[in-house]
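The following report describes a single protein chain for a reader who works with atomic models. The sequence and the structure are shown first, and the description follows.

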Amino acid sequence: RLRSSKKMTSFVPARTTYEYMNPNYKESLDREWYITTMQLMLSDEVLARLKSKDPTYTTLDASCRQLQGSRIEVLAELAAGNPHITEVDMRGNGFDADGLYALVQALKTMPNVAKLNLRSNTCRLQGVKALAELLKTNASISELNLNENHLGDEGASDLAEALKVNTTLKVLDVSLNFIGDSGAKALAEMLDVNTSLEQLSISGNPIKDDELRAKVRARKPSKPIPTFAAPGPRTEGPLESPFKKAF
């Protein structure tokens, strides 16, 4: 049994939802019918601080909780308009375009977010397009981690177009994203005009063209810039598998 040191809240859906953006969504089934892991929502205490816009709550740490799109939508709704949050860590939650799209809507109204960690989700399609549009005008996000998502060539191209005009982002990680030569070409063309991006991490992508691969991997400082990651959830006792033994 999972035991938390803080009281867990009952789930109430967000007022606005985007389940139709998730390719896994089936109208005839429960929204997240495919989930096989436990979802660990933030405690009531933390949600209350988020809702009240507590000025001492500056890092939104919802990492490694398998919240999926439905819970990310709730957090995004609570965080909207918050001027105090400077770091957002949503890595390891399995959300698709639905959760990312909701988060982007909140980020539009959060003027001081500088670091955004979205590693190990399924950020793609409308979600990435919305994020790219945000980056065209955003003047606060300096670090973005999209490692281990599903950007593909299309998502990489969307980001590349945004970064041709963005002058705020300094660190970008798009490693392990199924980016091939066409996506790499778009990123390489972006690097020709973007002089403000200091570190681009793009390892683990199937880029076959040697020259392209070398070019997109060349944007890095002499000393790597450490990337942001919040502490993550803390629990008492061991975590147990959601699967019951059959013997």
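Among contacts (heavy atoms within 4.5 Å) between residues at least 6 apart in sequence, 84% join residues at least 24 apart. The model is predicted: local features need pLDDT of at least 70 and side-chain atom pairs count only at pLDDT 80 or more, while totals for chains, interfaces and linings use all residues. Residues are numbered from 1 along each chain as its sequence is written, and side-chain values use heavy atoms, with hydrogens and water left out.

## Overall architecture

The secondary structure comprises seven helices and six strands; both kinds of element are DSSP runs numbered from the N terminus, helices being H or I with at least four residues and strands E with at least two. Read from the N terminus, the elements follow the order α-β-α-β-α-β-α-β-α-β-α-β-α.

For 247 residues, a compact globule would have a radius of gyration near 18 Å, and the protein, at 18 Å, agrees with this. The radius is taken over C-alpha atoms, and the globule rule is 2.2 Å times the number of residues to the power 0.38. Along the principal axes, the C-alpha atoms fill a box of roughly 50 × 50 × 35 Å.

Of the 247 residues, 47% count as buried. Here buried means under 20% relative accessible area, exposed means over 50%, and partly exposed lies in between, with a 1.4 Å probe and protein chains only. The protein exposes about 12300 Å², of which carbon and sulfur atoms supply 52%; these areas come from the Shrake-Rupley method with a 1.4 Å probe.

The protein carries 32 positive and 31 negative side chains, and the centres of the two sets lie 5 Å apart. Lys and Arg count as positive and Asp and Glu as negative, whereas His and the chain ends are not counted. Each charge is placed at NZ of Lys, CZ of Arg, CG of Asp or CD of Glu.

## Helix H3 and the tyrosine cluster

Helix H3 spans residues 97-107 and is mostly covered, with nine of its 11 residues buried. The buried positions are Ala97, Asp98, Gly99, Leu100, Ala102, Leu103, Val104, Ala106 and Leu107. These residues pack against helix H2 (68-79), strand S3 (115-117) and helix H4 (125-137).

The structure holds three aromatic pairs. The rings of Tyr18 and Tyr20 have centres 6.5 Å apart and planes at 55 degrees, so this pair is tilted. Rings of Phe, Tyr and Trp (its six-membered ring) pair if their centres lie within 6.5 Å; planes under 30 degrees apart count as stacked, over 60 as edge-to-face and the rest as tilted. Ring pairs link Tyr18, Tyr20 and Tyr101 into a cluster. Within that cluster, Tyr18 is buried at 13% relative accessibility, whereas Tyr20 is exposed at 55%.

## Selected residues

The table lists the placement and accessibility of several individual residues.

| Residue | Element | Relative accessible area |
|---|---|---|
| Arg49 | helix H1 (44-51) | 26%, partly exposed |
| Cys64 | loop between strand S1 (59-61) and H2 | 44%, partly exposed |
| Glu148 | loop between strand S4 (143-145) and helix H5 (152-163) | 32%, partly exposed |
| Asp173 | strand S5 (171-173) | 10%, buried |
| Ala186 | helix H6 (181-193) | 13%, buried |

Two loop residues deserve a remark on backbone geometry. Cys64 has a phi near 55 degrees, a positive value in a residue other than glycine. Glu148 has a positive phi of about 60 degrees although it is not a glycine.

Neighbours within four places in sequence are set aside in the contacts that follow. Arg49 is in contact with Asp54, Thr56 and Tyr57. Arg49 and Ala79 are 30 residues apart in sequence, and their C-alpha atoms are 9.9 Å apart in space.

Ala186 is in contact with Ser157 and Ala160. From Ala186 to Ser157 the C-alpha distance is 5.4 Å, across a sequence separation of 29 residues.

Asp173 touches Leu144, Asn145, Leu146, Asn147 and Ser201. Asp173 and Leu42 are 131 residues apart in sequence and 26 Å apart in space, C-alpha to C-alpha.
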